[in-house]
There are 6 protein chains.
Amino acid sequence: MHLRVIVPVIGDTFAQSVGAEITAWVSHGTTFDVVALARGTASIESEYDEALAAPGILDRIDEASSDGVDAVFVTCFGDPAVHAAREIADYPVVGGFEPAVLHALSLGERVGIITVLPNVLPMLRSLTRRYGLSERIGCIRVVDLPVLGLEDHELLLDRLHAEASEAVAKGEADVIVLGCTGMLGVAAALQRRLEENGTYVPVVDPTGAAVSWLESSVRLGVRPSRTTYMRPPVKARSV
Amino acid sequence: MHLRVIVPVIGDTFAQSVGAEITAWVSHGTTFDVVALARGTASIESEYDEALAAPGILDRIDEASSDGVDAVFVTCFGDPAVHAAREIADYPVVGGFEPAVLHALSLGERVGIITVLPNVLPMLRSLTRRYGLSERIGCIRVVDLPVLGLEDHELLLDRLHAEASEAVAKGEADVIVLGCTGMLGVAAALQRRLEENGTYVPVVDPTGAAVSWLESSVRLGVRPSRTTYMRPPVKARSV
Amino acid sequence: MHLRVIVPVIGDTFAQSVGAEITAWVSHGTTFDVVALARGTASIESEYDEALAAPGILDRIDEASSDGVDAVFVTCFGDPAVHAAREIADYPVVGGFEPAVLHALSLGERVGIITVLPNVLPMLRSLTRRYGLSERIGCIRVVDLPVLGLEDHELLLDRLHAEASEAVAKGEADVIVLGCTGMLGVAAALQRRLEENGTYVPVVDPTGAAVSWLESSVRLGVRPSRTTYMRPPVKARSV
Amino acid sequence: MHLRVIVPVIGDTFAQSVGAEITAWVSHGTTFDVVALARGTASIESEYDEALAAPGILDRIDEASSDGVDAVFVTCFGDPAVHAAREIADYPVVGGFEPAVLHALSLGERVGIITVLPNVLPMLRSLTRRYGLSERIGCIRVVDLPVLGLEDHELLLDRLHAEASEAVAKGEADVIVLGCTGMLGVAAALQRRLEENGTYVPVVDPTGAAVSWLESSVRLGVRPSRTTYMRPPVKARSV
Amino acid sequence: MHLRVIVPVIGDTFAQSVGAEITAWVSHGTTFDVVALARGTASIESEYDEALAAPGILDRIDEASSDGVDAVFVTCFGDPAVHAAREIADYPVVGGFEPAVLHALSLGERVGIITVLPNVLPMLRSLTRRYGLSERIGCIRVVDLPVLGLEDHELLLDRLHAEASEAVAKGEADVIVLGCTGMLGVAAALQRRLEENGTYVPVVDPTGAAVSWLESSVRLGVRPSRTTYMRPPVKARSV
Amino acid sequence: MHLRVIVPVIGDTFAQSVGAEITAWVSHGTTFDVVALARGTASIESEYDEALAAPGILDRIDEASSDGVDAVFVTCFGDPAVHAAREIADYPVVGGFEPAVLHALSLGERVGIITVLPNVLPMLRSLTRRYGLSERIGCIRVVDLPVLGLEDHELLLDRLHAEASEAVAKGEADVIVLGCTGMLGVAAALQRRLEENGTYVPVVDPTGAAVSWLESSVRLGVRPSRTTYMRPPVKARSV
């Protein structure tokens with residue numbers, strides 16, 4: 001299968017690191033390519049950014065459809081334009097939230113999400129309610145670092161560990177989900193540190209979860225339902 | 001106070017009828033103007049349309065901020081780009097869903113929404129969950145007419161009446177909310193027809209509810225909270 | 001339109017201050033009068049008080065019906081006898097809870113209510129569940145002052161500010177609702193103080209919200225649904 | 001133990017039949033007396049009736065406290081004034097809803113309530129939400145007979161059977177609760193008829209459930225919590 | 001009536017103390033006997049223990065059916081095998097959770113459960129959700145003592161008091177339920193200590209609640225619904 | 001990786017067909033073996049069967065641990081003994097419900113489950129509440145065939161199609177989950193038939209979903225959380 005990874009921002013800041021990460025997660029036999037946006041924002045940290053990025057993401061979905069890819073990963077935890085994309089795609093499309101959180105639900109009772117900035121908390125809480133999952137999300141916390149400030153892995157790991165430890169100690173989380181797809185390559189290290197503190201708590205990497213999810217969807221022969229994601233009626237559109 | 005009405009579609013199909021309707025609803029002393037989008041879609045009937053319309057709506061919000069308006073009504077029941085707009089606006093902004101449905105909650109136990117096409121049902125159910133109001137929304141039904149096919153008032157009224165009557169008879173609704181801001185000028189007539197059937201059931205017009213809501217917000221001296229709608233961080237944006 | 005304000009207590013302690021406050025909130029063209037109860041309690045701070053006040057409130061509703069008023073505001077945050085009143089009234093009737101909380105829901109994600117005494121907390125939590133709004137009410141706090149001890153505005157404001165600041169800091173509230181209609185004339189000052197602390201958080205005054213709501217209802221041409229609020233069957237009544 | 005039964009209506013219509021019924025349910029060693037109201041309504045079939053009956057019920061609670069009874073049953077399914085009563089009583093007080101519905105929850109998954117008139121449906125749905133039990137109440141249906149029209153046991157039984165059978169067949173109920181304490185002496189017969197149709201479905205009599213509940217409360221040495229039901233502050237009251 | 005008490009563990013550690021406790025709770029005229037398991041575990045403190053105990057409990061249910069008992073109490077707060085038992089029993093069967101928690105719901109708004117070890121917290125939270133009671137359970141806390149370490153009543157009482165006091169002070173509980181049926185004979189003492197601290201908060205003993213519940217069920221003439229608890233189809237079983 | 005498939009019934013009825021099915025779903029490089037139970041029941045169609053099968057399943061978990069497998073699939077949709085197993089396993093363990101339903105949640109709004117007999121409906125509804133997923137499960141329906149009567153694929157497919165079509169037409173489902181792991185090899189055919197009716201609705205095969213889920217878990221390096229699934233305390237156990 002061929003997977004298209006859409007990095008929903010302008011510029012190629014993430015292209016290389018995302019590519020390396022996807023390479024690490026895909027199964028034998030899965031090929032992929034990574035594309036950024038021609039129009040959008042430098043990062044997504046608000047509903048405003050998400051709204052501005054949407055048309056650029058949907059451009060890439062159109063291309064993916066023309067290119068005949070098997071599945072698309074929009075690599076952002078806020079699931080930007082993902083539901084719109086499913087209305088026009090005949091193949092599985094996911095963002096970062098759904099696969100990571102749904103996988104986490106099978107690993108422990110309360111899921112704790114740790115994301116970047118306070119700005120995105122209302123968005124993630126809205127997604128949680130939209131998806132009907134409030135009963136199982138124990139907390140949504142932040143490391144208080146912007147998306148473009150995640151490259152210092154030691155700092156990131158320290159903050160993730162501080163938040164995760166506190167969430168576990170207070171009974172707010174039994175499983176940790178990294179709440180930003182820009183938190184690349186730290187899930188395993190965080191899980192190890194938490195276990196060294198005395199208790200095994202799984203940490204779900206959203207990139208890994210999304211890649212697995214898409215491969216599973218293709219293997220299961222399923223794609224988005226047309227009764228939820230109906231094709232948009234034909235009309236004049238100028239964007 | 002001065003109210004800016006954003007008709008979130010391209011073209012001026014709705015400008016005149018929306019203007020006439022707003023004129024009928026505003027209080028003495030409220031002035032307003034109506035603008036359509038420079039980029040977007042001809043109507044909004046899917047998440048896809050909503051995503052494509054968002055940047056054009058946010059352009060108009062920027063203008064409204066520069067123009068120093070007191071409040072903005074994005075006249076579409078799906079509340080497109082409304083939450084993004086609140087992140088950048090220092091004045092009240094509403095779409096059609098929130099004011100109509102929240103007002104309806106004070107009139108009866110179960111709110112029945114009647115909208116245009118099946119395509120928008122998942123969107124409206126998602127909004128219902130996002131807003132945490134599922135316990136009180138008794139049904140969401142459709143007249144099965146596209147937004148651009150609502151101008152035949154008799155046909156529209158017949159279908160609204162059929163759906164509303166059935167919803168009331170089945171115990172799915174105690175209050176009816178018209179679920180499309182394009183259903184102009186029919187709320188009172190529908191309410192009258194329902195009452196002639198024997199029972200008074202209020203019908204909430206989303207345009208009237210939104211205008212009242214914005215005037216109330218201005219009078220109360222309130223605007224969107226900055227802990228929910230934080231200002232988007234500065235960054236490169238190219239849309 | 002003519003608005004009848006029912007102060008649901010005996011004695012005329014509140015008549016003047018409520019009258020002054022209503023004067024400040026009504027639109028141009030709205031007239032009103034204020035009546036207290038002939039039978040009831042000196043203040044409402046328990047379900048017991050609410051139960052004892054109910055017949056006296058319903059007496060005033062009967063009078064309002066005879067007098068042909070356009071809308072009634074029962075000025076108490078616990079919505080005492082409001083649902084019973086709607087069964088016998090052919091015009092909008094609200095208490096303090098519904099309009100203030102429903103308006104607040106459009107301003108931010110989590111609503112924080114600050115009321116008078118711990119005694120009324122269970123009542124307000126019961127109303128929250130009854131109205132199906134639990135998902136959005138972030139906290140209900142108290143200033144620990146009785147209704148008849150709210151006239152010291154500085155003390156009241158200090159306590160409101162302390163509670164509101166803590167609620168916002170702990171992520172329990174994005175919007176503040178004053179949870180007692182006796183907290184007259186302090187909403188704007190509280191909002192200002194909170195903003196001076198660094199973040200804009202809207203504060204909703206329940207009297208202003210109720211007046212706006214009733215005027216909006218009249219303008220929208222709606223009143224309580226007869227499928228929720230059916231007319232009580234005829235029978236012997238002696239109270 | 002001595003049980004006080006408050007029939008929350010004026011007149012002695014129910015005194016004898018209620019007394020006979022209580023006699024059938026009490027344990028060996030429990031004594032009781034039955035009192036009606038000095039002020040109130042002839043029956044309770046609306047929030048309006050409930051509001052008017054409340055002071056008369058609270059008069060009887062005061063008397064019960066003076067008389068040193070061990071527990072009080074307010075024999076109406078709408079739990080009128082029950083929460084107010086608990087604020088002033090130092091002994092268990094229940095209405096008809098809580099003991100019947102809570103007992104039913106241990107007998108099957110979905111509880112179906114069958115009550116008298118459509119008028120009381122919104123009240124019972126409000127109680128259901130207030131008590132946080134919506135997930136387990138499968139349906140609330142009516143026999144469409146007024147409280148004062150329940151004495152024809154055959155007619156009542158036929159209608160109960162029709163509603164209960166349909167509720168069970170449609171998967172809306174696994175346990176039936178009689179939703180009016182005036183439906184005296186028919187629970188066992190209804191249970192028998194349902195079983196003759198092929199499936200055992202328990203039917204809970206609210207009078208029996210309340211008597212058992214109160215006896216259990218006394219045996220367990222518990223009464224209403226003072227953190228939920230705080231004593232009303234002292235103040236002028238004139239009712 | 002004759003009550004069978006199943007102590008769902010191997011060994012006769014609890015036989016005598018449970019027998020003494022039941023003797024204290026049963027009504028005049030109720031006889032009972034106590035049986036432990038022939039196969040199972042020494043105590044139940046995990047889903048693992050519960051799963052291993054289930055067949056041994058069901059053996060005892062088979063015996064109870066043969067012996068013609070009127071009701072069965074499986075004396076463990078986790079309700080082990082209780083739902084399976086109801087599928088094969090024609091009489092009331094309860095564990096410790098349902099009767100205690102359901103009774104508590106009528107005594108105050110928020111129920112606080114205090115159990116033995118952290119290990120059982122996920123089980124009890126799962127039961128809470130399964131029973132649809134999450135809105136009313138304010139907290140589940142532990143004394144951090146194993147089931148086989150509860151015989152030191154002073155230590156147990158001190159820890160229960162510490163947890164209960166904190167739960168009440170933090171607004172997490174209005175009623176306390178002892179969350180282990182091995183916490184014998186301490187409910188009244190805990191209730192007294194809490195009241196001496198200044199506020200009356202009821203404490204529900206799960207053994208007393210279960211005995212009362214079963215006697216009430218027999219008196220009401222009800223047993224588990226056959227639409228929830230259908231008879232298991234005939235098939236080969238070898239355990 | 002090596003996967004252990006536990007068919008949680010006695011006898012080898014399913015061994016061959018399950019083996020063939022797993023072969024079809026596993027990735028290149030995954031090996032597996034299939035084991036049935038030494039003690040248990042011939043099929044699982046009630047809580048009673050589930051309780052009786054649990055110790056036999058846990059025996060197989062012990063063996064799997066000794067054998068050093070990488071993951072375990074307990075191939076039954078009721079997730080029998082799965083939570084108990086996670087307390088003693090240091091590798092991923094799933095049944096049929098979790099992976100299928102969680103995957104389905106990403107494909108459409110409302111999930112419809114179609115299972116075997118009415119007997120298991122209460123169990124599956126209980127699981128739905130336990131997992132906190134009620135808001136998204138649109139219906140649970142039955143083909144009314146026993147587990148041991150599923151081998152007639154044409155009959156099974158006809159009944160699945162009838163139920164699925166009706167669920168979709170009535171707006172109860174946007175995604176179909178086969179609610180019994182014994183419904184082998186029919187998911188793709190059902191999906192095809194539904195699409196031939198005019199609308200694409202995905203059908204999730206629980207065996208395929210479970211295999212994918214376990215492989216994903218291993219790839220993600222995660223296993224059950226030790227704060228939800230704590231190790232059972234050491235004690236005497238005799239089963």
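## Two interfaces in a predicted model

A salt bridge joins the side chains of Arg130(D) and Glu47(C), with N and O 2.7 Å apart. The model is predicted. Across the interface of chain D and chain C there are 8 salt bridges. Residue pairs in polar contact across that interface number 24, both residues being at pLDDT 80 or more.

Which elements of chain D supply at least two residues each to the side that touches chain C? They are β3 (40–41), α2 (47–67), α3 (82–88), α5 (121–130) and β10 (237–238). The largest share comes from α2(D), with 9 residues. By class, this side of chain D holds 19 nonpolar, 11 polar and 11 charged residues.

How are the two chains related? A turn of 180° and a shift of 0.0 Å along the axis lay chain D on chain C, with an RMSD of 0.0 Å. That is the relation of a two-fold axis. Arg130(D) has the C-alpha nearest the axis in chain D, 2.2 Å from it. Of the interface residues of chain D, 100% are also interface residues in chain C, so the copies meet through the same surface. Tyr48(D), Arg130(D) and Lys235(D) lose the most area to chain C in chain D, together 18% of what that side buries. Arg130(D) thus appears in this list, in the salt bridge with Glu47(C) and at the C-alpha position nearest the axis in chain D.

Now the inside of chain A. The domain assignment gives domain 1 (2–95 + 208–220) and domain 2 (97–206). Their C-alpha centres lie 21 Å apart. In domain 1 of chain A, Glu45(A), Phe77(A) and Trp213(A) supply 36% of the area buried against domain 2, more than any other three residues.

The count between these domains is 1 salt bridge. Glu98(A) and Arg86(A) form a salt bridge, their closest N and O atoms being 2.7 Å apart. Polar contacts across the domain interface take in 12 residue pairs, both residues at pLDDT 80 or more. On the domain 1 side, α1 (15–25), α2 (47–67), α3 (82–88) and α8 (206–220) of chain A each supply at least two residues. That side has 12 nonpolar, 8 polar and 6 charged residues.

The table sets out contact and buried area for both interfaces.

| Interface | Residues in contact | Buried area | Share on carbon and sulfur atoms |
|---|---|---|---|
| Chain D and chain C | 41 residues (D), 41 residues (C) | about 3,500 Å² | 61% |
| Domain 1 and domain 2 of chain A | 26 residues (domain 1), 29 residues (domain 2) | about 2,100 Å² | 65% |

Definitions and conventions. Residues are numbered from 1 along each chain as its sequence is written. Chains are lettered from A and ligands numbered from 1 in the order in which they are written. This is a predicted model: local features need pLDDT of at least 70, side-chain atom pairs count only at pLDDT 80 or more; totals for chains, interfaces and linings use all residues. Side-chain values use heavy atoms; hydrogens and water are left out. Copies are superposed by least squares on the C-alpha atoms of residues with pLDDT of at least 70 in both. Contact means heavy atoms within 4.5 Å. Domain bounds come from an automatic or database domain assignment. Buried area is the accessible area (1.4 Å probe) that two parts lose on being put together, summed over both. A salt bridge is a side-chain nitrogen of Lys or Arg within 4 Å of a carboxyl oxygen of Asp or Glu. A polar contact is a pair of N or O atoms within 3.5 Å; within protein, one must be able to donate a hydrogen and the other to accept it, and residues adjacent in sequence count only if both atoms are side-chain atoms. Helices (H or I, at least four residues) and strands (E, at least two) are DSSP runs, numbered from the N terminus. Ala, Val, Leu, Ile, Met, Phe, Trp, Tyr, Cys and Pro count as nonpolar, Asp, Glu, Lys and Arg as charged, and the others, Gly among them, as polar.
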